[in-house]
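Here is a short tour for anyone who likes to look at empty space first and contacts second. Keep the viewer open while you read.

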Amino acid sequence: MTGAIDVPLITKNQIVETAPAGVVQGGIVQAPLPFRKRRRPLAWIVTILAPALIVWLAISVSHADAIHFSQIPKYLFDSRILQGVGITLELTVISLVIGIVAGLLLACARLSNVTVAKAISIGYTWIFLSVPGLVQLIFWYNLAIVFPRIELHLPWLGTIWDRPTNSIITAMTASMIGLGLHEAAYFAEVIRSGILSVHKGQVEAAQSLGIRSRRILFYIVLPQALRVMLPSGVARVVALMKDTALVAVIGGGDLMTHAQEIYSDNFLILELLVVASLWYLFMVSILMLVQSVVEKWASKYQKTSAPRPKIAMSETVA
Amino acid sequence: MSKKNEMIVARNITKHLGHSKILSNFSLIVEEGEVVVLVGASGCGKTTFLRCVNGLERIESGQLLVDGDQVGYTRERYCLRESTDKQLAAFRTKIGVVFQSYNLFPQLTVIENAAAGLHYGLNVSWREAKERALITLEKVEMEGKAKFYPSELSGGQQQRVAIARALTMDPKVMLFDEPTSALDPRMASEVLKVMRLLADDGMTMLIVTHEMRFAREVADRVAVVDHGAIARIGAPEDVLSQQQLARG
């Protein structure tokens, strides 16, 4: 047209394909100005520098003579390691069940209007969240010092059960009880906040239909609370799975216990730690996969869900 | 016993929330088959009274009978004992409640919502409960959306499902707590149409609403609530003209 000034090239990166029509100014049609993305120098620095750092780190570690990488595959499927993986899974599942059941009871006690139940729940949570899990485990393992025998006396019938505590509290049972009761305190909080997130009108609607309290909890409130509880709940399961490594201090027989046993024999400390880490990585990854599936399932009735907000970085670097 | 049963009997009810008096000497009798509309300014106690009738709120003094039973209490030999959870649940099946905010269960489909009371409350199997729920859904013309989730419905449709959910329990009396206040006029009219149908069927209804035209057309009696008690009560044309004059 008339006032032909050089028009910037339209690139693929442009957000808007067609810029607004030319504007008439003083009889001359101005060329439309194209839109460009915002400059993000920091994003570019991160994009280039961070991978370079990671590659450098990987190369220098792989050249370290102290680590015998060839030993790692040998121990990855060692029978003792596999047995440890089994125990770790078993411990996770059992303490999880103890944690969820006891946590649900604690949450209900906390939300009830019985003052004593409320106080006990608050006290339990306070103690079990404040004392480190490691300390709790060692305490349970040494229960025999406080109670040497576990006995059950009944009037008239006499003693019907009497065993030394040490025959019941093995490293394994101490681990289950210790981890389970510790986890119960966390799950009490997770479940309580989930229940509180459900709108009061849901309970009232269910009540006016003549549904009894316990059923309202299990069929109306908890299914809705699940969506709120899942992210924090699964985060707790992941944390629990990693916390099982603590039982190595009482010889709980888990993955970490066996890794320690092996490296105290052959001094391949780093190698066996890598083996254990690979297994933990694998198990936690599967858990996260399960989490995404379960989260989708739990929100299936929310068909008009809003798209997830993106963070700025992912837009630029893509 | 006169010609008709007294379905709801309230005598001198008082109720406080915190320090403010919500109901003071509130008295009202609703007969079987009657449609009574409660009107009045917000915060005058209409909704609280409705919640008391269903036992969602406790009254402090006075007498409140629904179908002959004192709300929240069960007759024992020499006393009225506070109802257990089970007794209260059984009592509530006689009363259908429709809330301003619908309160449908979001994790259940429309038909499951309508069947929830029968299944979870009265242990009816899902199959039979859904069969019976379908009949009430047809009444509110929502049978076509049976497989939908509440989040996929408009407000008016959700409220109609909520009405069906209450009706499936075959209640003796229906309570409506501002059922159309959250709806635009077009959606409100489809809900009012359903309520009109119920009134024509002879359902006993106690309705809190701001829909004056509906009150005039459908109500047997209109009660004006003011400061926690009934200020005026009578046929709609007697009460409402004054009310509207006072407003204008």
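In this predicted model, the largest pocket has a volume of about 1,300 Å³. Its lining is made up of 40 residues, and those nearest the centre are N113(A), V203(A), Q207(A), S213(A) and D85(B). Which elements supply two or more residues to that lining? From chain A they are α3 (79–111), α8 (171–197), α9 (200–208) and α10 (213–243), and from chain B they are α1 (46–53), β4 (61–66) and α2. Sorted by class, the lining of the largest pocket holds 18 nonpolar, twelve polar and ten charged residues.

Enclosed space comes next. A probe the size of a water molecule, rolled over the atoms, shows where empty space is left. The search counts three cavities of 30 Å³ or more. The largest cavity has a volume of about 50 Å³, and the residues around it are L50(B), R51(B), L56(B), V97(B), F99(B), L175(B) and D177(B). Two elements of chain B, α1 and β9 (173–177), each give two or more residues to this lining. By class, the lining of the largest cavity has five nonpolar and two charged residues, with no polar ones.

The linings and the chain B side of the contact with chain A can be set next to each other by class.

| Set of residues | Nonpolar | Polar | Charged |
|---|---|---|---|
| Lining of the largest pocket | 18 residues | twelve residues | ten residues |
| Lining of the largest cavity | five residues | no residues | two residues |
| Side of chain B that touches chain A | 13 residues | nine residues | six residues |

Now for the contact between the chains. Here 28 residues of chain B are in contact with 24 residues of chain A. Together the two chains bury about 2,300 Å², with 57% of it on carbon and sulfur atoms. On the chain B side, F105(B), Q107(B) and Y120(B) lose the most area to chain A, and together they account for 27% of what that side buries.

What polar pairing is there between the chains? Nine residue pairs are in polar contact, counting those with both residues at pLDDT 80 or more. The elements of chain B that each supply at least two residues to the side touching chain A are α2 (85–92), β8 (95–98), α3 (110–122) and α5 (155–167). Of the elements in chain B, α3(B) gives the most to that side, with five residues.

Side chains of opposite charge can pair when their charged atoms come close. Between chain B and chain A there are two salt bridges. R51(B), which also lines the largest cavity, meets E204(A) in a salt bridge at 2.8 Å, N to O.

Over all chains, the whole structure has 22 salt bridges. Within chain A, the side chains of R149(A) and D162(A) form a salt bridge at 3.0 Å, N to O. R149(A) sits in strand β3 (residues 149–154) and D162(A) in strand β4 (residues 158–164) of chain A, so this pair ties together parts that are 13 residues apart in sequence.

Key:
Residues are numbered from 1 along each chain as its sequence is written. Chains are lettered from A and ligands numbered from 1 in the order in which they are written. This is a predicted model: local features need pLDDT of at least 70, side-chain atom pairs count only at pLDDT 80 or more; totals for chains, interfaces and linings use all residues. Side-chain values use heavy atoms; hydrogens and water are left out. Contact means heavy atoms within 4.5 Å. Buried area is the accessible area (1.4 Å probe) that two parts lose on being put together, summed over both. A salt bridge is a side-chain nitrogen of Lys or Arg within 4 Å of a carboxyl oxygen of Asp or Glu. A polar contact is a pair of N or O atoms within 3.5 Å; within protein, one must be able to donate a hydrogen and the other to accept it, and residues adjacent in sequence count only if both atoms are side-chain atoms. Helices (H or I, at least four residues) and strands (E, at least two) are DSSP runs, numbered from the N terminus. Ala, Val, Leu, Ile, Met, Phe, Trp, Tyr, Cys and Pro count as nonpolar, Asp, Glu, Lys and Arg as charged, and the others, Gly among them, as polar. On a 1 Å grid over the protein atoms alone, a cavity is a set of points where a 1.4 Å probe fits but cannot get out, and a pocket is an open set with protein on both sides within 12 Å along at least five of seven lines; lining residues have an atom within 4 Å of a point. Grid points are joined across faces, edges and corners, and a volume is the space filled by probe spheres set on the points.
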